[in-house]
Amino acid sequence: MGRLRKIKNDIDLVKNSDYYLKTIPVPNNELNYLEIGMGKGNFIINMAVNNPEINFYGLDKFPTVIFKAIKKLNKLENKPKNLKFLAIDVSDIFEYFPKNFFHKIFLNFSDPWPKKRHEKRRLTSDTYLKLYKDLLTKDGIIQFKTDNDGLYAYSLENIQAKKDIEIIEFTNNLYAKLNPEDCILTEYEKKFIGMDIPIKLISFKFK
Ligand code: SAH
């Protein structure tokens with residue numbers, strides 16, 4: 001996907017928005033969902049609009065993409081009140097959220113980092129899996145989607161090898177059985193479906 005031109009002062013622009021997370025949420029009895037690497041936000045915005053009873057949090061390490069998401073929201077007539085963004089690297093997440101806070105985490109079209117020497121940067125590598133375990137509530141679920149065969153194979157193998165993980169579902173062609181038109185799609189997902197690239201999914205939880 002084309003590289004996005006960095007917007008000047010993007011971090012200040014996003015931090016000034018009402019959609020920017022300003023206080024650390026306290027544990028509550030509501031459902032809290034997180035998208036890691038939200039990009040321009042199509043998925044999380046539509047999820048928030050369609051599920052007003054769930055709190056949605058989206059983060060991305062690039063403020064410029066979050067700025068794009070905020071621009072989309074500003075155009076909406078009925079603005080969701082259940083949505084907050086954060087421009088951080090997920091590795092720093094415990095500075096902003098308590099442990100065991102999320103009921104569901106979405107990893108949508110994470111960077112594939114194909115080189116072996118970059119394995120540690122893949123969002124399904126061991127350090128991140130440990131982080132997700134601490135982020136999730138008991139029985140909380142992770143849903144991972146990718147277009148990338150290498151990242152899918154790596155992730156499936158790595159996840160299957162973990163004794164404390166239970167795979168709920170995996171498929172190398174999600175839309176063989178689902179109609180994309182009935183689903184809330186991410187920007188990347190829409191693009192890859194248009195190119196006839198099968199979308200792969202793994203959903204799993206910790207035992
Ligand atoms: N989910 C969107 C964007 C996918 S691109 C979609 O499906 O269309 C992957 C995104 O993850 C990029 O915007 C990148 O900045 C973000 N990202 C990658 N590693 C990250 C990390 N460690 N912490 C936070 N965001 C990250």
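**Entry 1: the ligand shell**

I started with the ligand and found 18 residues surrounding it, the closest being Gly-37, Asp-60, Val-90, Thr-186 and Tyr-188. A reminder to myself: this is a predicted model. Sorted by character, the shell around the ligand gives eight nonpolar, four polar and six charged residues. I also looked up where the ligand sits, and the space it takes is the largest pocket.

**Entry 2: polar contacts of the ligand**

Next I went through the polar atoms. Asp-60 has a side-chain N or O atom 2.6 Å from an oxygen atom of the ligand. At Lys-61 I looked to the backbone, where a polar atom is 3.2 Å from a nitrogen atom of the ligand. Thr-186 brings in its side chain, with a polar atom 2.6 Å from a ligand oxygen. How much of the ligand does the protein bury? Taken alone the ligand exposes 570 Å², and the protein buries 95% of that.

**Entry 3: Thr-186 again**

Thr-186 deserved a second look, as one of the closest residues to the ligand. I found Thr-186 in the loop between S6 and helix H6, which covers 187-194. Is Thr-186 buried or exposed? Its relative accessible area is 6%, so Thr-186 counts as buried, the cut-off being under 20%. I then checked a partner from elsewhere in the sequence: Asn-46 is 140 residues apart from Thr-186 along the chain, and their C-alpha atoms are separated by 9.5 Å.

**Entry 4: two positive phi angles**

I turned to the backbone with a general point in mind: most residues other than glycine have a negative phi. Which phi value does Asn-9 have? For Asn-9, phi is positive and near 60°, and the residue is not a glycine. Asn-9 belongs to the segment before helix H1, residues 10-15. With a relative accessible area of 48%, Asn-9 is partly exposed.

Phe-109 also went into my notes, as a residue other than glycine with a positive phi of about 55°. I located Phe-109 in the loop that runs between strand S4 (102-108) and helix H4 (126-135). Phe-109 is buried, at a relative accessible area of 7%.

**Entry 5: residues in strands**

Where does Ile-54 lie? I placed Ile-54 in strand S2, which spans residues 54-59. Ile-54 has 6% relative accessibility, so I entered it as buried. I compared its position with Leu-123, which is 69 residues apart from it along the chain: the two C-alpha atoms are separated by 24 Å.

Thr-171 is in strand S6, residues 165-171. A relative accessible area of 11% makes Thr-171 buried. Its side chain has a polar contact to note, reaching the backbone nitrogen of Asn-173 at 2.9 Å.

Last came Lys-200, in strand S7, residues 200-206. Buried or exposed, I wondered, for this lysine? Lys-200 turned out to be buried, with a relative accessible area of 3%. I then looked for what its side chain reaches, and found the backbone oxygen of Pro-198 at 2.8 Å.

Note on methods. Residues are numbered from 1 along each chain as its sequence is written. This is a predicted model: local features need pLDDT of at least 70, side-chain atom pairs count only at pLDDT 80 or more; totals for chains, interfaces and linings use all residues. Side-chain values use heavy atoms; hydrogens and water are left out. A residue is near a molecule or strand if one of its heavy atoms lies within 4 Å of it. A polar contact is a pair of N or O atoms within 3.5 Å; within protein, one must be able to donate a hydrogen and the other to accept it, and residues adjacent in sequence count only if both atoms are side-chain atoms. Accessible areas come from the Shrake-Rupley method with a 1.4 Å probe; for residues, only the protein chains shown count as cover. On a 1 Å grid over the protein atoms alone, a cavity is a set of points where a 1.4 Å probe fits but cannot get out, and a pocket is an open set with protein on both sides within 12 Å along at least five of seven lines; lining residues have an atom within 4 Å of a point. A molecule sits in a cavity or pocket if more than half of its atoms lie within 2 Å of its grid points. Ala, Val, Leu, Ile, Met, Phe, Trp, Tyr, Cys and Pro count as nonpolar, Asp, Glu, Lys and Arg as charged, and the others, Gly among them, as polar. Helices (H or I, at least four residues) and strands (E, at least two) are DSSP runs, numbered from the N terminus. Buried means under 20% relative accessible area, exposed over 50%, partly exposed in between (1.4 Å probe, protein chains only).
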